[in-house]
Amino acid sequence: MIKAIKGTKDILPDSIEKWKYVESIISLVFKNYNYKEIRTPIFEETSLFARGIGEETDIVGKEMYTFEDRSKTSVTLKPEMTASVVRAFIQHSLGKKQSLNKLYYISPMFRQERPQAGRLREFHQFGAEALGSGSPILDVEMITMAYDILSGLGLKDLTIKINSLGTPESRQNYIQKLKEYLIDKESLLSGESKERMSKNILRIFDSKLENDIEVMQKAPVLLDYIDNESKEDFEKVKSLLTSSKIPFEIDASLVRGLDYYTKTTFEIVSGKVGSQSALCGGGRYDLLVEQLGGEPTPGTGFAAGIERILIACENENSFEVPGSSINLYIVCLEKNLMSKAYEKAQILRKNNITIELDYLGRSIKAQMREANKLNAKYVLFFGGDEYKLNKAQLKNMETGEQEIIELKNILNKVKNNYASDNS
Ligand code: HAM
């Protein structure tokens with residue numbers, strides 16, 4: 001049997017309603033903040049991500065689905081959206097059409113990570129990017145939108161962590177200090193952290209290993225080394241979050257796994273999803289547009305993982321979607337009337353009535369069982385003596401009431417009932 005690739009998941013019909021509900025909250029919040037949807041291709045030239053995210057990051061170094069297509073171009077399934085959005089922004093000169101572009105997306109992403117609960121190889125992100133303003137108010141807007149969506153889904157066990165990574169120059173000074181601090185402690189670090197010493201030293205803060213954590217706890221703090229402008233912007237972010245009553249913590253070890261960040265960064269973690277606790281992450285990236293060949297344009301954004309959010313929602317029992325139902329089930333009492341029943345169904349379907357009938361030649365009892373299983377609001381008994389008089393029995397499945405109606409009136413009957421049920 002051929003199975004889905006490890007780390008990928010089918011979203012089956014019984015969980016679609018949950019996904020649609022989550023997507024409806026996402027779109028609603030982004031609409032309230034006037035973000036416009038953008039869709040970009042599933043794959044891009046590999047160099048976009050290598051240059052955008054950074055050669056030394058785990059994503060680019062270890063996790064990308066990269067292959068040569070038939071014309072020998074190296075292409076990569078997108079591991080994240082920021083680089084793609086920036087590419088589209090530059091390619092279509094969006095900055096010339098509008099000075100501030102507020103964009104959002106919902107899309108599958110691909111990273112070849114070791115699969116575990118909340119960590120997949122194909123997963124879905126939603127996120128936003130605002131290109132064209134360096135205002136810290138937009139950083140707060142990103143944090144607030146993410147928080148609005150997560151709390152809109154009923155999640156409560158959330159912690160917002162914020163930090164500032166400063167400018168690359170101020171970070172270089174800090175990296176020098178960190179190297180000096182770690183030089184005589186290298187032997188205490190794990191193999192992976194030793195490797196990060198030369199490649200991406202800040203990421204040692206991401207280690208979950210006890211020894212590494214102990215060493216890093218006493219390390220110099222990046223926030224003490226960032227430039228004045230980054231510091232001022234960080235203060236503004238903190239004060240606006242406070243006045244907006246958005247709870248947050250400062251996490252000086254929050255370094256993020258992508259190289260493009262400048263100034264304020266953040267993550268929102270859940271206490272209810274185990275080790276893969278980051279539901280969303282983001283921050284400012286004021287140099288990325290220029291780095292990818294565009295006019296210097298500041299940017300800020302975030303992305304969140306829908307599968308992780310759904311785990312948190314399940315564990316917090318945070319929302320329930322109503323079970324699905326249909327409006328009418330036609331129980332066909334005589335097999336030779338099946339085509340006629342189908343014709344009736346078609347008239348009703350064209351009038352936007354959700355309707356089902358039997359295609360399997362089942363007994364009347366089995367058809368009733370199916371009507372119950374589908375949570376049909378009404379059942380029409382098609383056939384018998386009534387049919388000869390162009391009539392049929394219509395049963396309201398909620399009240400149990402049954403009446404004889406003229407077949408030509410079904411639409412009105414069902415439509416009226418449907419309308420009054422949904423009022
Ligand atoms: P990221 O932190 O790499 O940031 O990913 C954002 C979120 O995507 C994570 O917090 C997590 O919920 C989800 N996620 C990441 N990897 C996986 C995975 N393998 N399985 C399931 N969920 C996953 C970014 O992608 C940046 N582009 C965010 C951003 C936008 N920064 C600025 N603008």
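**Exercise 1. Helix against helix**

At roughly what angle do the axes of helix α1 and helix α6 cross? Determine the geometry and the make-up of the contact.

*Solution.* The model is predicted: local features need pLDDT of at least 70, side-chain atom pairs count only at pLDDT 80 or more, and totals for chains, interfaces and linings use all residues. Residues are numbered from 1 along each chain as its sequence is written, and side-chain values use heavy atoms, with hydrogens and water left out.

Step 1. Identify the helices. α1 covers residues 13-32 and α6 covers residues 136-152. Helices (H or I, at least four residues) and strands (E, at least two) are DSSP runs, numbered from the N terminus.

Step 2. Take the axes. They are lines fitted to C-alpha atoms, for helices over the stretch in contact, with angles from 0 to 180 degrees between N-to-C directions. The two axes come within 10 Å and cross at roughly 145°.

Step 3. Assign the hand. The crossing of α1 and α6 is right-handed. A crossing is right-handed if the near helix is turned clockwise from the far one by less than a right angle, and left-handed if anticlockwise.

Step 4. List the contact (heavy atoms within 4.5 Å). α1 supplies Y21, I25, I26, V29 and F30, while α6 supplies M145, D148, I149 and G152.

Step 5. Classify these residues. Seven are nonpolar, one is polar and one is charged. Here Ala, Val, Leu, Ile, Met, Phe, Trp, Tyr, Cys and Pro count as nonpolar, Asp, Glu, Lys and Arg as charged, and the others, Gly among them, as polar.

**Exercise 2. The surroundings of α2**

Explain why helix α2 is largely enclosed by the rest of the structure.

*Solution.* Step 1. Apply the burial cut-offs: buried means under 20% relative accessible area, exposed over 50%, partly exposed in between (1.4 Å probe, protein chains only).

Step 2. Count. α2 spans residues 46-53, and six of its eight residues are buried, so the helix is largely enclosed. The buried ones are T46, L48, F49, A50, G52 and I53.

Step 3. Find the partners. The buried residues pack against β2 (43-45), α3 (58-63), β3 (66-68), β4 (74-77), α4 (82-91) and α11 (288-291).

Step 4. Check the end. G54 follows α2 and has a positive phi, near 115°.

**Exercise 3. Cysteines without a bond**

How many disulfides does a search of the whole structure find?

*Solution.* Step 1. Set the criterion: a disulfide is a pair of cysteine sulfur atoms within 2.5 Å. The search finds zero.

Step 2. Test C313. Its closest cysteine sulfur is that of C280, 13 Å away, which is too far for a bond.

Step 3. Add accessibility. C313 is buried at 4%. C332 is buried at 8%.

**Exercise 4. Locate A303**

Which residues is A303 in contact with, leaving aside its neighbours within four places in sequence?

*Solution.* Step 1. Place the residue. A303 sits in strand β11 (residues 299-305). Its relative accessibility is 15%, so it counts as buried.

Step 2. Read the contacts. They are Y105, Q125, F126, G127, L279, C280 and G281.

**Exercise 5. Positive phi outside glycine**

Characterise K245 and N375.

*Solution.* Step 1. K245 has a phi near 60°. It lies in the loop between α10 (228-243) and β8 (249-250). It is exposed, with 72% relative accessible area.

Step 2. N375 has a phi of about 60°. It is in the loop between α14 (364-373) and β14 (376-382). N375 is partly exposed at 42%.
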